[in-house]
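Colleague: I am new to this structure, and I would like to understand how the terms used for the ligands are justified. Could you take me through them one at a time?

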Amino acid sequence: MPAAPEAKYTEETVLWVKHHTDKLMTFAITRPEAYRFSAGQFSRLGFRDGEGFIWRAYSVVSAEYADDLEYFAVLIPGGPMSAKLAELKAGDTVLLDKNATGFLLPERFVDGKDLIMLCTGSGIAPFLSILEQPEIWQRFERLALVHSVSYADELIFNERIAQLSEHPLIGEYTGRLRFIPVLTRETGGRLNRRLPELLKSGELSAALEIPFTPADTRFMICGNPAMVKDTFQALLDMGFAMHRNRIPGQIMMENGF
Ligand SMILES: Cc1cc2nc3c(=O)[nH]c(=O)nc-3n(C[C@H](O)[C@H](O)[C@H](O)COP(=O)(O)OP(=O)(O)OC[C@H]3O[C@@H](n4cnc5c(N)ncnc54)[C@H](O)[C@@H]3O)c2cc1C
Ligand SMILES: NC(=O)c1ccc[n+]([C@@H]2O[C@H](COP(=O)([O-])OP(=O)(O)OC[C@H]3O[C@@H](n4cnc5c(N)ncnc54)[C@H](OP(=O)(O)O)[C@@H]3O)[C@@H](O)[C@H]2O)c1
């Protein structure tokens, strides 16, 4: 007999909500004891909506060992889920699908020395979770996080990234991290062109002071699907290949929406 639909999700309580700009918010919900995920995976969050439900994917920002589940949402004008999230407040109920999903998992790379995480917009979320895992810092010699947004006020995690140096589990390793914010519609970021152009021109490798080679470099990409496609193509043209469990390569990616 198929399980009742209710068996597939739990009802969680919103612990806090923070609006950073009119379109960017973070929030946390309670974490059921049985909820397991790997850093880099996403949850399906839902609300009751009339007679039915509305469900959307959100990457977990929290570390695997966190007590709560934190998320980062970009509110889309006219978006049905965005309308629900815009009104979210502490004490509200959010539905959480019991299973986390996703294959953007750095441990799938069996070798390589440098991990380069490339993202746009809310695509930074899985990398914030990954960066809080001690194993990743022991596994790679250098880590780079490159976050492309249009405008400076969208760089809401700069302080959090800087504070990783005080993190009790990973603080001692954070000298290995290079963080580059990219602004595409105003000046002032470290770099000012879209990710595929930064790769093709060699600007990104130069800014990171990390040579990109198939032997040493591993790329993870997350965010705008058009960016993921174009960045993947740029990397293919540079001689890198998609990573598959049976055919190891250098690139892993996930569409952020
Ligand atoms: C694997 C996966 C992980 C995701 N993780 C996140 C996350 O961590 N944070 C998050 O905000 N969203 C994330 N999303 C997108 C999210 O599921 C919703 O689509 C989004 O919140 C908008 O929902 P909506 O119902 O308001 O609009 P929708 O009807 O779902 O989307 C309308 C349009 O808005 C655009 N859009 C949707 N999401 C985004 C976004 N995040 N950034 C820019 N443009 C977007 C697209 O063009 C889309 O066609 C993820 C999606 C997938 C598939
Ligand atoms: N009407 C507008 O002018 C406008 C502008 C931005 C966003 N939006 C809408 O607002 C919502 C949220 O957008 P967002 O800004 O958080 O996410 P986004 O549109 O995905 O932009 C985030 C970053 O991704 C870059 N990007 C987009 N497409 C790319 C591609 N093909 N290759 C490489 N980089 C790419 C953007 O560069 P660019 O800045 O060069 O695009 C920006 O740096 C979406 O619904 C979006 O459609 C509208």
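Modeller: Let us begin with the polar contact, which is a pair of N or O atoms within 3.5 Å. Please keep in mind that this is a predicted model.

Colleague: What makes the pairing of Thr184 with ligand 2 a polar contact?

Modeller: An oxygen atom of ligand 2 is 2.7 Å from an N or O atom in the side chain of Thr184, and since the cut-off is 3.5 Å, the pair counts as a polar contact. The side chain of Asn224 also qualifies, with a polar atom 2.8 Å from an oxygen atom of ligand 2. For Met227 the atom belongs to the backbone, an N or O that lies 3.4 Å from a nitrogen atom of ligand 2, and this too is within 3.5 Å. As for cover, ligand 2 taken alone exposes 860 Å², and the protein buries 70% of that.

Colleague: Which residues surround ligand 2, and how do you know that they belong to its shell?

Modeller: A residue is counted if one of its heavy atoms lies within 4 Å of the ligand, and 18 residues surround ligand 2 in this way, the closest being Ser148, Ser150, Thr184, Arg185 and Asn224. By class, seven of the shell residues are nonpolar, six polar and five charged. Both β8 (142-149) and α7 (225-237) supply at least two residues, and α7 gives the most, with three.

Colleague: Why is ligand 2 said to lie between domain 1 and domain 2?

Modeller: Because domain 1 (5-97) and domain 2 (106-255) both give residues to the shell around ligand 2, it lies between them.

Colleague: Turning to ligand 1, what makes its pairing with Gly79 a polar contact?

Modeller: A backbone N or O atom of Gly79 lies 3.5 Å from an oxygen atom of ligand 1, and a pair within 3.5 Å is accepted. Phe72 also uses a backbone N or O atom, 2.7 Å from a nitrogen atom of ligand 1, while Ser122 places a polar side-chain atom 2.8 Å from a nitrogen atom of the ligand. Taken alone, ligand 1 exposes 860 Å², of which the protein buries 72%.

Colleague: How do you know where ligand 1 sits?

Modeller: A molecule sits in a pocket if more than half of its atoms lie within 2 Å of the pocket's grid points, and by that test ligand 1 sits in the largest pocket.

Colleague: What makes up the shell around ligand 1?

Modeller: The shell has 18 residues, with Ala57, Tyr58, Phe72, Ser82 and Gly256 the closest, and it divides into eleven nonpolar, six polar and one charged. β4 (52-59), β5 (68-74) and α1 (80-86) each supply at least two residues, and β4 gives the most, with four. Domain 1 (5-97) and domain 2 (106-255) each contribute at least three residues to this shell.

Key:
Residues are numbered from 1 along each chain as its sequence is written. Chains are lettered from A and ligands numbered from 1 in the order in which they are written. This is a predicted model: local features need pLDDT of at least 70, side-chain atom pairs count only at pLDDT 80 or more; totals for chains, interfaces and linings use all residues. Side-chain values use heavy atoms; hydrogens and water are left out. A polar contact is a pair of N or O atoms within 3.5 Å; within protein, one must be able to donate a hydrogen and the other to accept it, and residues adjacent in sequence count only if both atoms are side-chain atoms. Accessible areas come from the Shrake-Rupley method with a 1.4 Å probe; for residues, only the protein chains shown count as cover. Ala, Val, Leu, Ile, Met, Phe, Trp, Tyr, Cys and Pro count as nonpolar, Asp, Glu, Lys and Arg as charged, and the others, Gly among them, as polar. Domain bounds come from an automatic or database domain assignment. On a 1 Å grid over the protein atoms alone, a cavity is a set of points where a 1.4 Å probe fits but cannot get out, and a pocket is an open set with protein on both sides within 12 Å along at least five of seven lines; lining residues have an atom within 4 Å of a point.
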